[in-house]
Amino acid sequence: MKIFNTLTRKKEEFVPINPGEIKMYVCGPTVYNLIHIGNARPMIVFDTVRRYFEYKGYKVNYVSNFTDVDDKIIKRATEENVSSSEVSEKYIAEVKKDMASLNVREATTHPKATEEINGMIDMINTLIDAGFAYDVDGTVYYEAGKFKGYGKLSGKNIDELEAGHREIKVTGEEGKKHSSDFVLWKPKKEGEPSWKSPWCDGRPGWHIECSVMAKRYLGDEIDIHAGGVDLIFPHHENEIAQSEAANGKPFARYWMHNAFLNIDGEKMAKSAGNFLLVRDILKQYDPQVLRFFMLSAHYRSPLNFSEELMESSKNGLERILNSYDRLTEISYEGRPLNEEEQKIFDAINGYIERFEAAMDDDINTADAISVIFELIKLLNINVKDGVSDILGEKAIETLDTLLDLLGIKTVREKEILDEEIEKLIMERNEARKAKDFKKADEIRDKLQDMGISLLDTRDGVKWKRT
Ligand SMILES: [Zn+2]
């Protein structure tokens, strides 16, 4: 199987460090808001990569962090007059809800930056001792020019970086020796979350977080490091500089980056007023449609979000799922395959091979989806009432497997009925009367997962769909 490696700028045969195992790190979101569709693209794309590797028999250790200390989180906390951790905990829960609705599986580990501070202090100490970092009045900088390979991922040249940035001074970073140096640790400001360190009470820079979390949960050398193309520079370039200088080993063998997502042909930006939250889109579309839309392009191609393309994804997915539903409803005969049916059976295997060939070629989901459309055409014509159950099972199983690889569910979720909600609320009332608060809470959580929120009032329990 081949994947495109940003580091070498070519498609390469994928060879894991340990046979049968993949250590994969995907940069996660900074949790200060609900996620927008630009955040959703890497989540969906790399969840699909993971599913495919597992299908190929690999055990995937998938780590994706939450950046829960950051200027944006602090700003939001100040605006809302709450603590930073209240903001981050709230949005971690919200991100997880969106991930679940998009059928993005939970990572093996979802580390949080604030719980990994000791590891960051250790790595910064190592970098200072090895001469890659220096402390100026409590702010610790990484001296980019000291790392021989600096620029190898982004293709940037350190001298050009210096020349281009000579005039730019970032507030709070006045003490650095070179403009390409970056912050590993910075002093706290009044009211900000902070941790004790050998340099000052303060907090880590963003880049060191990922180097440390990758090391702790996956080791010094990992197979795949992934994220959006906007992270190549400076974030991933800086991660390489930190990890390789501290660990003395190559960091990630393969770097995978998904391309930009535009909205109606324009870059998404708050100022342009085209900032689209996943939650907003899900008011209008089934989450499966958004997932299917994201995978309808190759992950390295820019993707344009528009009403028109979403409608066409919706129709396309509908066609596939209708075909699937029909296969589960028709009647089959319990008998061996006849000659004609055997041909169809073999043709299905041919489509599976073509699907795999597309995915083996740098996870080409666009081509893989075309194969599914061709397959349903074959099935619509040839799998009818009265065909052998062996063929029927083969058709259903194949669609189940291929769609599951794309994270598309074949069983459509039914709308929860009012009676079911009322029944659960009664059970909860009974549990509360019996002072079984554990059970009562479990029922409340269950309802919450179904999108039902409860309000205990003097007139009894009221509920609404959220
Ligand atoms: Zn990262």
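What share of the 466 residues in the chain is buried? Buried residues make up 37%. The legends below refer to a predicted model.

**View 1. The whole chain and its make-up.**
The chain has 15 helices and 15 strands. Its C-alpha trace spans about 80 × 65 × 40 Å along the principal axes. Many contacts reach far along the sequence: of those between residues at least 6 apart, 72% join residues at least 24 apart.

**View 2. Three domains along the chain.**
The domain assignment splits the chain into three parts. Domain 1 covers 16-258, domain 2 covers 278-405 and domain 3 covers 418-465. The centres of domain 1 and domain 2, taken over C-alpha atoms, are 37 Å apart.

**View 3. Where domain 1 meets domain 2.**
Here 18 residues of domain 1 are in contact with 17 residues of domain 2. On the domain 1 side, helix H1 (37-55) and helix H3 (84-101) each supply at least two residues. H1 gives the most, with 10 residues. By class, this side of domain 1 has 10 nonpolar, 5 polar and 3 charged residues.

**View 4. The largest nonpolar core.**
This core holds 109 residues. Which of them touch the most other members? They are Ile124, Leu127, Tyr142 and Leu184. Helix H1 gives the most to the core, with 9 residues. Domain 1 and domain 2 both give residues to the core, so it lies between them.

**View 5. The surroundings of Leu184.**
Leu184 is one of the core residues that touch the most other members. Leaving out residues up to four places away in sequence, Leu184 touches Ile124, Leu127, Ala133, Val140, Tyr141, Tyr142, Pro204, Gly205 and Ile208. Among these neighbours, Ile124, Leu127 and Tyr142 appear with Leu184 in the list for the core.

**View 6. Helix H10 packed on helix H13.**
Helix H10 spans residues 307-329, and helix H13 spans residues 389-405. The two pack at an angle of about 145°. Their axes are 10 Å apart. Is the crossing left-handed or right-handed? The crossing of H10 and H13 is left-handed.

**View 7. Residues at the H10 and H13 contact.**
H10 brings Tyr324, Leu327 and Thr328 to the contact. H13 brings Gly392, Ala395, Ile396 and Leu399. By class, the contact has 5 nonpolar and 2 polar residues. Charged residues are absent from it.

Conventions: Residues numbered from 1 in each chain as written. Predicted model: local features only at pLDDT ≥ 70, side-chain atom pairs only at ≥ 80, totals over all residues. Domains from an automatic or database assignment. Contact = placed C-beta atoms within 7 Å. Helix = DSSP H or I, 4+ residues; strand = E, 2+ residues; numbered from the N terminus. Nonpolar A, V, L, I, M, F, W, Y, C, P; charged D, E, K, R; others polar. Axes fitted to C-alpha atoms, helices over the stretch in contact; angles between N-to-C directions. Left-handed = near helix turned anticlockwise from the far one by under 90°. Core = buried A, V, L, I, M, F, W, Y, C linked by C-beta atoms within 7 Å. Buried ≥ 20, exposed ≤ 12 C-beta atoms within 10 Å, placed from the backbone.
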